[in-house]
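Here are some exercises on reading a protein structure. Grab a pencil, take a look, and then follow the worked solutions.

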Protein chains: 8
Amino acid sequence: MSENRVRDLLSQVSDGSLSIEAALEKFKVYPFEDLSFARVDSHRELRCGFPEVIFCAGKTPEEVAQISERILNHSDKLLATRANEKHFQAAKKVAPTAEFHERCGCITVKPESGLETVGGVLIVSAGTSDMPVAEEARVTAEIMGSHVETVYDAGVAGIHRLLGQTERIREANAIVVVAGMEGALASVVGGLADVPVIAVPTSVGYGASFAGIAPLLTMLNSCAAGVSVVNIDNGFGGGYLAAMINRRTRSSQ
Amino acid sequence: MSENRVRDLLSQVSDGSLSIEAALEKFKVYPFEDLSFARVDSHRELRCGFPEVIFCAGKTPEEVAQISERILNHSDKLLATRANEKHFQAAKKVAPTAEFHERCGCITVKPESGLETVGGVLIVSAGTSDMPVAEEARVTAEIMGSHVETVYDAGVAGIHRLLGQTERIREANAIVVVAGMEGALASVVGGLADVPVIAVPTSVGYGASFAGIAPLLTMLNSCAAGVSVVNIDNGFGGGYLAAMINRRTRSSQ
Amino acid sequence: MSENRVRDLLSQVSDGSLSIEAALEKFKVYPFEDLSFARVDSHRELRCGFPEVIFCAGKTPEEVAQISERILNHSDKLLATRANEKHFQAAKKVAPTAEFHERCGCITVKPESGLETVGGVLIVSAGTSDMPVAEEARVTAEIMGSHVETVYDAGVAGIHRLLGQTERIREANAIVVVAGMEGALASVVGGLADVPVIAVPTSVGYGASFAGIAPLLTMLNSCAAGVSVVNIDNGFGGGYLAAMINRRTRSSQ
Amino acid sequence: MSENRVRDLLSQVSDGSLSIEAALEKFKVYPFEDLSFARVDSHRELRCGFPEVIFCAGKTPEEVAQISERILNHSDKLLATRANEKHFQAAKKVAPTAEFHERCGCITVKPESGLETVGGVLIVSAGTSDMPVAEEARVTAEIMGSHVETVYDAGVAGIHRLLGQTERIREANAIVVVAGMEGALASVVGGLADVPVIAVPTSVGYGASFAGIAPLLTMLNSCAAGVSVVNIDNGFGGGYLAAMINRRTRSSQ
Amino acid sequence: MSENRVRDLLSQVSDGSLSIEAALEKFKVYPFEDLSFARVDSHRELRCGFPEVIFCAGKTPEEVAQISERILNHSDKLLATRANEKHFQAAKKVAPTAEFHERCGCITVKPESGLETVGGVLIVSAGTSDMPVAEEARVTAEIMGSHVETVYDAGVAGIHRLLGQTERIREANAIVVVAGMEGALASVVGGLADVPVIAVPTSVGYGASFAGIAPLLTMLNSCAAGVSVVNIDNGFGGGYLAAMINRRTRSSQ
Amino acid sequence: MSENRVRDLLSQVSDGSLSIEAALEKFKVYPFEDLSFARVDSHRELRCGFPEVIFCAGKTPEEVAQISERILNHSDKLLATRANEKHFQAAKKVAPTAEFHERCGCITVKPESGLETVGGVLIVSAGTSDMPVAEEARVTAEIMGSHVETVYDAGVAGIHRLLGQTERIREANAIVVVAGMEGALASVVGGLADVPVIAVPTSVGYGASFAGIAPLLTMLNSCAAGVSVVNIDNGFGGGYLAAMINRRTRSSQ
Amino acid sequence: MSENRVRDLLSQVSDGSLSIEAALEKFKVYPFEDLSFARVDSHRELRCGFPEVIFCAGKTPEEVAQISERILNHSDKLLATRANEKHFQAAKKVAPTAEFHERCGCITVKPESGLETVGGVLIVSAGTSDMPVAEEARVTAEIMGSHVETVYDAGVAGIHRLLGQTERIREANAIVVVAGMEGALASVVGGLADVPVIAVPTSVGYGASFAGIAPLLTMLNSCAAGVSVVNIDNGFGGGYLAAMINRRTRSSQ
Amino acid sequence: MSENRVRDLLSQVSDGSLSIEAALEKFKVYPFEDLSFARVDSHRELRCGFPEVIFCAGKTPEEVAQISERILNHSDKLLATRANEKHFQAAKKVAPTAEFHERCGCITVKPESGLETVGGVLIVSAGTSDMPVAEEARVTAEIMGSHVETVYDAGVAGIHRLLGQTERIREANAIVVVAGMEGALASVVGGLADVPVIAVPTSVGYGASFAGIAPLLTMLNSCAAGVSVVNIDNGFGGGYLAAMINRRTRSSQ
């Protein structure tokens with residue numbers, strides 16, 4: 001049901017050529033089609049507080065530039081993930097203030113007035129090799145307006161390093177735990193925290209880590225309540241969800 | 001957006017208290033909610049030519065009886081799968097003409113005037129142990145109005161038994177191939193036929209058949225074009241799709 | 001380092017037989033042992049706002065009764081999951097007001113003053129077979145003080161049923177999506193919602209659902225941001241996390 | 001049993017040196033061998049309405065050119081899949097009108113009189129990364145004589161985009177759904193359509209998509225009847241089957 | 001092409017109403033159908049030297065009895081596998097001399113003149129729990145006419161027990177190795193023998209033996225040439241193949 | 001080469017009928033056969049300090065009793081694992097002092113003079129459900145002469161409970177860590193200890209623990225050096241290895 | 001027990017300084033050590049009728065050349081598998097008559113007098129992409145002295161091509177079936193043949209063929225008796241076993 | 001709880017402004033925070049007798065150089081694994097005496113006074129392709145102060161090569177068994193030895209070895225007691241654990 005079709009029906013109701021009940025019937029028999037004129041994109045932005053995110057893998061630099069331009073027409077912020085140097089160069093042409101976060105392959109554009117961040121998201125990672133994923137989470141949560149702190153290199157084999165951070169764990173509104181190999185970090189943090197913990201397994205490791213299956217299973221089986229899991233290497237997903245929770249948390253916490 | 005809400009809007013348009021453009025805007029901002037009054041069930045039946053099917057596993061006999069009664073209020077046919085004797089006894093109370101197909105656990109109610117079947121669906125199965133799944137496909141396709149023929153016990157290890165049926169394979173509008181163990185039958189039939197072949201892997205077998213994974217993979221990798229696959233032991237799915245194709249096939253075929 | 005050991009050290013500092021710096025050195029070399037006298041349990045309850053939950057599977061009725069009694073000594077609420085009728089009978093002896101939620105195997109004890117619930121958790125499930133898991137989530141979230149609404153039987157194959165609930169999806173503070181078979185419901189709800197969606201895959205299904213692996217993978221790969229996943233059939237985990245998020249959400253949302 | 005052997009037997013029957021019953025016995029004891037003189041190739045073409053398709057992966061450009069030439073000797077159409085630029089250059093030498101569909105790696109030769117297409121195949125894909133597979137399905141269905149329409153980039157996370165296409169979904173004779181990541185699109189389309197839906201999982205995604213296993217399982221477990229599945233990334237298989245169904249569908253549909 | 005059809009054609013050739021070349025053409029266009037009257041069963045027995053084997057799992061005692069009777073009409077030997085006591089009692093009614101091999105669930109009927117066995121098949125098994133599978137292999141090879149020797153309980157953890165049997169390993173014409181758990185026995189025997197070794201993995205074990213996957217993989221990866229593998233727990237398959245090889249081995253070996 | 005054969009050769013050497021060099025050649029060409037008279041069993045006992053252990057699963061009570069009797073003829077200790085009440089009753093008849101450890105299904109016979117235990121093995125387990133496996137490890141290590149201490153119910157979600165045991169972790173000669181679900185305990189203990197840690201994954205858990213695969217992978221990927229793994233639920237294996245290490249550790253440790 | 005040690009013992013027996021029984025005891029207590037002087041290599045060649053085969057993958061050209069030279073010192077035949085052009089050039093320097101079989105990466109050296117081949121091995125493969133593996137089987141069986149025939153490109157989707165070869169299938173002493181994708185060919189050939197069929201799954205295929213797992217499972221589950229399986233892509237293993245069986249088959253077959 | 005905080009509390013106790021019991025309470029309520037001033041690194045070295053090991057994969061040469069420098073400030077030994085030539089060149093600048101073990105990618109720095117090694121670790125490997133992993137184990141065990149012997153190329157298919165080493169197997173304090181393909185070597189060595197055997201599966205092999213899964217499962221299922229397993233290709237883990245056991249073994253062994 002196109003916009004024109006709806007306008008027609010309404011005109012007929014308006015001029016009396018169609019009864020209200022008859023018009024009602026018309027609407028009933030087209031349950032879905034009247035969506036075709038929905039202002040989808042602007043709706044989503046209003047609702048989620050953040051414009052569409054560009055997943056650059058498999059897109060040409062030109063495509064990334066075009067989508068960036070379209071988003072920046074009605075937004076003062078931009079996030080593109082899984083980008084490389086070429087994607088960045090293309091994006092820079094349409095967005096001269098774009099920044100490239102090389103370690104995690106993210107492109108961001110911040111508002112001219114600077115980025116205001118609130119609350120507190122904590123990102124904990126197990127080893128230095130997990131940093132690209134952890135950084136993707138950090139950049140994502142920040143551009144979405146969250147104040148972010150990080151505790152990197154806090155694997156469970158040296159549990160004291162983690163325990164020394166207990167206070168920061170207690171103060172966060174949401175925690176992202178990034179870990180490969182055996183992924184036990186999520187359970188330990190989950191046991192110390194009483195806020196949502198989003199676990200991000202990484203494909204870091206070798207042999208029986210099976211490209212992230214081992215930490216994924218570990219995290220899904222975590223005996224600590226309050227822990228949930230996103231896809232392997234999905235730092236963006238972890239940061240996005242943490243920022244969403246953080247943004248909505250009562251300030252009194 | 002409830003039915004009342006739409007009626008209100010239409011009334012306001014009708015009496016001029018709301019302009020057409022303003023009404024249009026109202027509709028635009030509620031993209032989905034106007035579905036809440038859709039007459040879902042009757043729509044589906046008209047569209048698909050067959051009422052809802054009852055999956056009995058995990059339902060009590062009483063629940064099956066109640067759903068059966070509701071369906072038979074506006075339909076003269078009924079199909080319930082994965083039923084046991086108790087489900088049947090309960091269904092019989094609300095539908096005295098119900099029949100129980102014990103081998104495949106199906107309950108059917110046919111129209112009083114008898115079941116008209118057209119076209120041709122062929123069901124080929126590999127071994128006697130695959131029969132429950134094959135029968136579920138047969139009963140499903142028949143109640144949906146397809147004329148069904150069967151070739152059971154035609155495993156590839158005795159390929160001549162299958163080859164002797166070439167003519168029937170050529171004459172069908174759609175073929176369901178049901179096989180466990182190594183599942184090679186689908187490829188062989190697919191090579192002989194030039195109509196859609198729906199492959200149904202079964203959990204029949206032991207050891208490395210892994211409850212149906214072996215024939216499932218075999219069938220997905222079939223080198224014969226025109227073969228597609230449904231879930232392990234899903235005789236209903238195979239029969240349903242075959243009947244759907246058969247019903248729509250040009251009679252000249 | 002036992003409590004007595006610490007007391008000794010402090011005594012020596014007090015009477016001057018040990019210098020402050022020397023005492024400091026003593027503490028440094030025993031990084032962990034001073035935990036042995038920590039008042040673990042009371043800490044946890046204060047922190048999390050909810051006492052320990054009893055996982056009954058593998059415990060005798062007597063064990064469940066004893067743990068229940070101990071918890072109720074310092075709490076007016078109780079939750080026990082994966083319980084059977086026998087566990088309930090035993091629990092009832094020590095907690096006469098205990099209720100048994102048969103469908104999901106949960107035992108609850110509510111405060112005498114009644115259960116106050118706030119905010120809004122929405123639980124959406126795909127089919128009737130998913131109800132035990134969905135109910136475990138509901139009971140858990142409620143006993144933890146969340147107002148819960150439910151939309152059951154909203155599988156994606158009949159997408160209109162789900163779309164009719166868009167308003168409720170928009171109003172929740174956190175959503176638990178419970179689905180077996182193909183688990184696509186989490187993505188669809190995630191696309192409609194702008195609050196955290198906790199996906200709970202269930203072992204409902206047959207054949208290639210592999211006891212929950214299929215919906216688990218579907219949910220982990222969800223293209224909708226804001227979706228995270230807990231273990232297969234872990235309704236408790238989903239309800240717990242949703243309640244935790246709900247409890248902390250700003251009322252203005 | 002060679003052709004000569006059969007001729008001998010018939011001669012002996014003809015001249016009376018062998019009785020009919022004795023000849024009959026001779027045939028009986030050679031169950032398979034009499035196939036050795038079957039005119040295999042021409043038979044197949046007549047039967048299936050389409051010549052052999054060339055799977056280029058693992059073949060040299062020269063081999064592809066030679067097979068192309070042989071096929072075009074008795075056909076005015078050609079399809080080669082999984083081809084690269086070098087395969088195309090070689091094919092062009094023997095078939096100057098050959099076209100290269102770069103995105104999906106297909107080579108086609110159309111009849112001089114142009115390609116007549118009938119009916120309607122709809123191809124729906126989830127994301128831009130799925131396009132190579134979707135295009136392979138489109139090119140295949142078209143060269144086999146089907147009129148094809150496409151709805152690309154209609155992932156379930158933005159369900160409204162898909163719902164806006166409901167009318168086209170209703171009008172198709174067969175639908176190919178191409179999706180990676182979580183693959184939920186097949187279920188949603190299957191719930192809207194009442195024609196056969198062929199689901200093609202793709203290896204698009206990362207982490208727990210396991211190179212296509214996640215969408216494959218999702219699709220096999222689809223709760224929407226009428227959905228069947230082909231191999232991961234097998235756009236050709238999906239397009240071939242859709243065209244086969246479309247070609248045979250009654251025009252009145 | 002039915003028998004009658006062939007007789008008709010031959011009659012026409014015989015009475016001159018059909019030329020030889022025309023008849024030849026008729027045969028050519030029905031490549032497979034002339035198989036429909038093939039005397040399948042008797043052919044197979046002549047060829048393989050052994051009548052059909054009954055796989056009892058999933059068959060009723062009556063079905064087993066009927067098939068047994070039919071086989072014994074034209075054979076003096078019978079083998080039925082995966083049988084239980086009830087199958088045996090039913091079989092005994094039609095074959096009073098039937099024997100039941102309880103440990104492996106096999107029923108055999110031997111020729112009245114006694115069973116002649118030749119050559120040498122050696123069956124080696126790892127532990128006492130593997131005996132049911134090993135016995136199925138033994139009974140199968142014996143009824144097929146092979147002289148069988150056994151070395152049971154010769155696991156690799158006590159390698160000397162196996163080494164003490166080197167001479168018998170050297171003298172066999174074919175060896176069946178039956179092992180669960182880690183399945184290393186096949187490689188060790190394969191390293192000592194210079195005759196075909198058929199490895200039968202068993203589902204014996206627990207934990208990471210995954211119901212036979214561990215020994216299956218071990219055996220497939222055996223670094224000893226001359227080792228091949230059959231399905232998990234397929235003692236029949238191992239014994240059958242060993243007997244087939246033994247029967248055909250030159251006596252001078 | 002039988003014992004008699006060796007005696008013959010030696011006799012010929014003794015009486016001069018065979019030269020030393022010729023006898024040497026004879027020995028060379030029979031590399032393995034001379035093992036057939038080795039006194040296998042007594043050798044093993046001397047070597048390992050412990051008689052053969054009986055794995056009762058799949059053995060009849062009578063078989064267990066017979067083997068027990070044979071072992072006790074030349075040993076004053078006995079261990080039988082995976083035993084049930086019936087196995088125990090049968091064993092008790094031949095060994096009146098036999099004890100049954102019901103929780104882990106072990107039967108032990110201790111020396112009349114009592115069991116001397118030395119050194120220190122520590123067994124740490126995650127939850128009460130892991131106790132049967134932990135107890136199997138404890139009983140095994142004790143009967144093999146190790147002094148055993150246990151820390152049960154020390155899951156990582158409540159890390160303080162474990163940290164309070166640091167001193168005992170430091171004092172052990174070998175540690176067995178028994179954990180199901182996510183199995184993270186092994187890494188945490190491995191990080192605190194500087195002695196060998198043997199990790200025993202258990203099949204405790206549900207959903208994505210996949211009967212022990214999740215903790216198995218976690219433990220194999222442990223980032224703490226000094227951790228090794230045995231089969232799922234193999235408490236015996238863990239206890240045996242720990243006792244072997246403990247027995248051989250320098251007392252000064 | 002070194003050679004010298006044995007000589008010493010024999011000397012003592014010879015000169016009477018050691019009694020026969022005492023010497024016997026000495027041998028008994030050293031069950032394995034007396035193997036250290038075994039002439040391992042020459043034994044193996046005599047036994048197996050073929051020298052060691054060189055697996056070139058992971059070896060340098062120089063290493064391959066050195067091993068080749070050593071083997072050719074006492075043999076007039078050589079087989080090296082998984083070789084590349086560089087391995088061949090190096091081998092050619094020490095063996096000027098070496099041939100390179102490029103398609104399958106094999107190097108062979110034949111006796112100067114030419115290669116005598118006997119009996120009959122048949123190699124059947126499904127598609128052209130399976131040829132490298134099929135050729136490895138052919139080259140292996142030939143160099144081991146078997147007369148080899150081949151039927152390539154006989155996939156089950158065009159079953160008539162295979163059926164036309166029935167006579168050759170009946171005449172072979174052993175058959176190697178090489179197939180990727182769905183691997184159904186092994187069952188079909190196994191159903192036609194009454195000789196050992198060795199199935200070699202290949203990693204040819206894509207998507208759900210999972211690099212050979214699909215045909216591997218198909219072949220392990222083959223319902224045709226007499227079929228056994230070797231590792232994925234292990235053409236050498238298939239050819240070796242077929243040649244071993246062929247060499248030992250009675251000529252009358 | 002910072003160091004300053006503790007000092008404050010102690011001062012107050014010292015000057016009497018805080019009672020001992022009150023101070024005790026203060027410590028109790030901060031269970032973990034007092035760890036923040038622990039001298040983590042030096043503790044670990046004292047405890048484990050070996051400084052931190054550098055895992056070079058994923059680190060830049062500069063990072064490896066910096067960490068090396070820091071470690072060598074308080075240690076005279078260094079071990080870096082998974083290093084390449086560039087890592088080595090960078091390390092050499094800060095540690096001129098560094099050596100590069102090319103085959104296994106290890107960098108070591110030995111004490112100027114030379115490396116003292118004691119006891120006995122035996123490393124047994126199956127094939128030449130397993131050598132990189134075996135060498136990683138050897139280099140690790142040696143730098144940790146163990147005397148190491150090696151038996152390479154001792155696969156079970158030629159069991160005599162292994163049996164000839166029985167004496168060395170008996171004399172070791174700990175054995176590392178490195179094997180890919182079918183991994184049976186661990187069981188055979190475990191059956192011969194009465195000391196701890198650490199099994200290291202390798203990713204060597206092809207097809208159904210699945211990059212090390214096959215030998216991993218074999219080793220986990222080993223029927224020889226005393227065998228435990230580390231991650232696939234984890235030579236370091238095997239060598240580290242063996243050295244740890246060896247270092248602590250009583251010299252009388």
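**Exercise 1.** In this predicted model, work out the order of the strands in the open sheet of chain E.

*Solution.* Start with the whole sheet: 4 strands of chain E line up as 1-2-4-3, with mixed pairing. Now look at the ends. Strand 1 (54-55) and strand 3 (99-101) of chain E are the edge strands, as each pairs on one side only. Next, zoom in on one pair: strand 1 and strand 2 (residues 78-81) of chain E run parallel and are joined by 2 bridges. In that pair, E:I54 sits opposite E:A80.

**Exercise 2.** Check the length of helix 4 of chain E, then find what its buried residues pack against.

*Solution.* First, the length. Helix 4 covers residues 61-73 of chain E, which is 13 residues, so at 1.5 Å a residue it should span 18 Å. Its end C-alpha atoms are 19 Å apart, which agrees. Second, pick out the buried residues, meaning those under 20% relative accessible area: E:V64, E:A65, E:I67, E:S68 and E:I71. Third, see what they touch: these buried residues pack against strand 1, strand 2 and helix 5 (85-94) of chain E.

**Exercise 3.** What turn and shift lay chain B on chain D?

*Solution.* Begin with the basic idea: two copies of a chain are related by a rotation about an axis and a shift along it. For chain B and chain D, the turn is 179° and the shift along the axis is 0.0 Å, with an RMSD of 0.3 Å. That's the relation of a two-fold axis. Finally, 100% of the interface residues of chain B are also interface residues in chain D, so the copies meet through the same surface.

Notes: Residues are numbered from 1 along each chain as its sequence is written. Chains are lettered from A and ligands numbered from 1 in the order in which they are written. This is a predicted model: local features need pLDDT of at least 70, side-chain atom pairs count only at pLDDT 80 or more; totals for chains, interfaces and linings use all residues. Side-chain values use heavy atoms; hydrogens and water are left out. Copies are superposed by least squares on the C-alpha atoms of residues with pLDDT of at least 70 in both. Contact means heavy atoms within 4.5 Å. Two strands pair if DSSP finds at least two bridges between them. The expected span of a helix is 1.5 Å times one less than its number of residues. Buried means under 20% relative accessible area, exposed over 50%, partly exposed in between (1.4 Å probe, protein chains only).
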